[in-house]
Amino acid sequence: MIQKDVETKIINFIEDFGCITEEQLKVLFNCDKNTIKNILHMHFINKKGNVIVHKQKSINKKVLAAIDVLCEYKGRYKQFYKNFEPVYLSFLSKDNQLYNVIISEKADEKGIVKMLKNKPSGSWHCDKLILLFEDTGMVDKIETDLPYLYCTYPPVEIIDK
């Protein structure tokens with residue numbers, strides 16, 4: 001029965017997020033190869049390389065980066081949920097701090113920086129931001145009253161605290 005509960009949680013996660021790597025699955029759900037095999041065999045889920053994808057979705061590198069952040073914070077959050085672009089993920093830490101994970105592609109980065117500068121900190125409905133950009137080009141241009149981590153992806157690396 002426990003195995004089925006884990007499989008159900010994993011399937012629901014994949015339905016919500018669309019894709020996840022095998023490594024991320026192992027970190028977040030402590031699952032083994034047999035569990036992954038069962039999920040792939042019995043449900044609307046495919047595997048492309050090391051990425052597991054819902055049949056009605058596609059591989060999204062921003063979602064995979066958000067899940068990388070979730071993996072890094074495993075054990076330090078109470079709950080999480082998928083959010084709406086540009087905030088791909090929000091999670092509540094065990095010390096009741098709400099984090100928003102904002103992910104930008106190269107083409108969107110100037111807009112994200114402008115939005116961070118112009119949007120009042122209270123309107124983010126969070127305590128801290130985790131910002132993921134494709135490179136370090138915007139690190140000196142970030143202006144916000146909220147505490148944040150500036151990271152690059154892929155892979156996710158912290159550049160500025």
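Modeller: Ground rules first: buried means under 20% relative accessible area, exposed means over 50%, and partly exposed is in between, using a 1.4 Å probe on protein chains only. This is a predicted model, where local features need pLDDT of at least 70, side-chain atom pairs count only at pLDDT 80 or more, and totals for chains, interfaces and linings use all residues. Residues are numbered from 1 along each chain as its sequence is written, and side-chain values use heavy atoms, with hydrogens and water left out.

Colleague: OK, why is E85 called exposed?

Modeller: E85 has 55% relative accessibility, and the cut-off for exposed is over 50%, so the label fits.

Colleague: And what makes E85 and K62 a salt bridge?

Modeller: The term asks for a side-chain nitrogen of Lys or Arg within 4 Å of a carboxyl oxygen of Asp or Glu. For E85 and K62 the closest N and O atoms are 3.2 Å apart, so the pair passes. E85 sits in the loop between strand 4 (77-82) and strand 5 (87-93), K62 in helix 4 (residues 61-72), so the contact ties together parts 23 residues apart in sequence.

Colleague: How do you know whether K62 is buried or exposed?

Modeller: K62 has a relative accessible area of 5%, so by the under 20% cut-off it is buried.

Colleague: What makes D108 and K62 a salt bridge?

Modeller: Their closest N and O atoms are 3.6 Å apart, so they also meet the 4 Å rule. D108 itself is partly exposed, at 30% relative accessibility.

Colleague: How many salt bridges does the rule give?

Modeller: Seven.

Definitions and conventions:
Helix = DSSP H or I, 4+ residues; strand = E, 2+ residues; numbered from the N terminus.
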